[in-house]
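The exercises below concern the contacts in one model. Each task is followed by a solution in steps.

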Number of protein chains: 2
Amino acid sequence: MTPRSNANDKSGLLQYVLEAMKRAQPYDRETALDAAMTLFWTKGYHATSLKDLEGALNMKPGSIYAAFSSKEALFSAALERYFQQTKEVFRSMHRDTDSPLGALADYLRSIARDADTDPDCQACMLIKTILNATTEDAAIAEQARHYLDQIRDEIATAFDRAIASGELPADIDTNHLARRYQANISALKIEAHRGTGRNELAALADEAAGDVERLRVRQ
Amino acid sequence: MTPRSNANDKSGLLQYVLEAMKRAQPYDRETALDAAMTLFWTKGYHATSLKDLEGALNMKPGSIYAAFSSKEALFSAALERYFQQTKEVFRSMHRDTDSPLGALADYLRSIARDADTDPDCQACMLIKTILNATTEDAAIAEQARHYLDQIRDEIATAFDRAIASGELPADIDTNHLARRYQANISALKIEAHRGTGRNELAALADEAAGDVERLRVRQ
DNA sequence: TACATATTTGAGTGATCGCTCAATAACATT
DNA sequence: AATGTTATTGAGCGATCACTCAAATATGTA
């Protein structure tokens, strides 16, 4: 509430008095959570302060605590949001496909494509959280680990679909394939985060995608 | 300097007076740096406080600043130490080998072996630093990135040696191989950090190692 | 031994941290 | 319109942060 400096000082002072403690528009929970997710994803839990969150959410301390209880609870909610969105993106790329292996390969290529259009692209929030967490906040690391496991199950389900559609032999270990595939996703996202060049990143993604496609049995 | 509570109060009070501001043994710089590296590697830059460092280094604030100038400069020195040690380990595994490809494959397997013996094994400090850094501490991320690039060069040199020894064809792209190899190291170390089971981790490492060995030209 | 120099301590600084709560504004009910 | 209820503000709290600096201790020199 800064006093206005303008030609008409009396009008400015009156305006200043009228605006003191003007209550904001009520916040929108989804909008706030989305902003928190973006901020936490970029800065991590420890380096993100309440003041940062005030700015990003356009909310004051009392409102943030009324809505989300604590910094850690807000982080946890943001992490869940990230997980749900990631799962939904993965699923949407595998809906309506008649080639599960093709879709899995294309998802890897999409990582390089997405990094190409986003200069500040960040590695996976779940991985960052696990690597970043300390023993004092082991709960959020555990939550992130749990979400990563669930995403790996989604991947294994996609490989199972490739078996059902005849692309893979019935005796292949889809859990192992999913684990390897997820490790490749992590690696690609870290390379993107690190600023690896577009051609190099695309080559890595193509190679990983080729590994997936070469699993296809001859028809 | 806590007063001693014991049967002989006069003797305890005298001991308390005699011990006030007793100066410590001078610190050993290498020992302090090693302790700082271990602490920063585990907790990361942001979540590590000066109080943590006091405990780990067994030094008081004034000494820490006299020796290392600032928290950031200490982190930077610890990061360099980590880089030098990592480079030395990699080199020592490639010294005196007549199969560079074999040594590269075995290094990947060693990641799973090392994780098996260390329950609190951490992902690569350089990767953690890059993922953890914010714009306010971009300098340490840049330093870590630079070290990662140098390690990738070491890897490319090992692949060059495989060409020179006849294991690889002369026209293969060793820079690309090195980049992929380093991405695989990152992925394996993250799986280890995440607590992936010993058999699964060993399977991932063996598979990555097998990929390296299959590059070998027929002789 | 006396004095000079170097090193370490740890109390204290100003700033920032996560969070609380009384005051105020906005909304709902009668 | 008056009253009651709900939601938001933001000053301020106690704690912690990175760091400083005068005092004290240890080491070196003449």
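**Exercise 1. Backbone atoms at DNA strand D**

How far does a backbone N or O atom of B:Thr48 lie from a phosphate oxygen of DNA strand D?

Solution. This is a predicted model, in which local features need pLDDT of at least 70, side-chain atom pairs count only at pLDDT 80 or more, and totals for chains, interfaces and linings use all residues. Residues are numbered from 1 along each chain as its sequence is written, chains are lettered from A and ligands numbered from 1 in the order in which they are written, and side-chain values use heavy atoms, with hydrogens and water left out.

Step 1. The distance for B:Thr48 is 3.4 Å. A polar contact is a pair of N or O atoms within 3.5 Å; within protein, one must be able to donate a hydrogen and the other to accept it, and residues adjacent in sequence count only if both atoms are side-chain atoms.

Step 2. A polar backbone atom of B:Leu50 is 2.6 Å from a phosphate oxygen of DNA strand D. For A:Gly62 the partner is a base oxygen of that strand, 2.8 Å from a backbone N or O atom.

Step 3. H4 of chain A and H4 of chain B are the elements that give two or more residues to the surface near DNA strand D. Helices are DSSP runs (H or I, at least four residues), numbered from the N terminus.

**Exercise 2. Surroundings of DNA strand C**

List the closest residues to DNA strand C and describe the contacted atoms.

Solution. Step 1. The strand is surrounded by 20 residues, and the closest are A:Arg23, A:Leu50, A:Tyr65, A:Lys71 and B:Arg23. A residue is near a strand if one of its heavy atoms lies within 4 Å of it.

Step 2. Sugar or phosphate supplies 61% of the atoms of DNA strand C within 4 Å of the protein, and bases supply the rest.

Step 3. An N or O atom in the side chain of B:Arg23 is 2.2 Å from a base oxygen of DNA strand C. Backbone N or O atoms of two residues lie by phosphate oxygens of this strand: B:Tyr27 at 3.5 Å and B:Lys60 at 3.3 Å.

Step 4. The surface near DNA strand C divides into 10 nonpolar, 6 polar and 4 charged residues. Here Ala, Val, Leu, Ile, Met, Phe, Trp, Tyr, Cys and Pro count as nonpolar, Asp, Glu, Lys and Arg as charged, and the others, Gly among them, as polar.

**Exercise 3. The contact of chains A and B**

Characterise the interface by area, salt bridges and contributing helices.

Solution. Step 1. Each side is counted by contact (heavy atoms within 4.5 Å), giving 32 residues from chain A and 32 residues from chain B.

Step 2. The two chains bury about 3,000 Å² between them, 57% of it on carbon and sulfur atoms. In chain A, the residues that lose the most area to chain B are A:Leu131, A:Arg179 and A:Arg194, together 26% of what that side buries. Buried area is the accessible area (1.4 Å probe) that two parts lose on being put together, summed over both.

Step 3. There are 10 salt bridges between chain A and chain B, a salt bridge being a side-chain nitrogen of Lys or Arg within 4 Å of a carboxyl oxygen of Asp or Glu. One of them joins B:Arg180 to A:Asp211, with the closest N and O atoms 2.7 Å apart.

Step 4. With 10 residues, H9(A) gives the most to the side of chain A that touches chain B. That side divides into 11 nonpolar, 8 polar and 13 charged residues.
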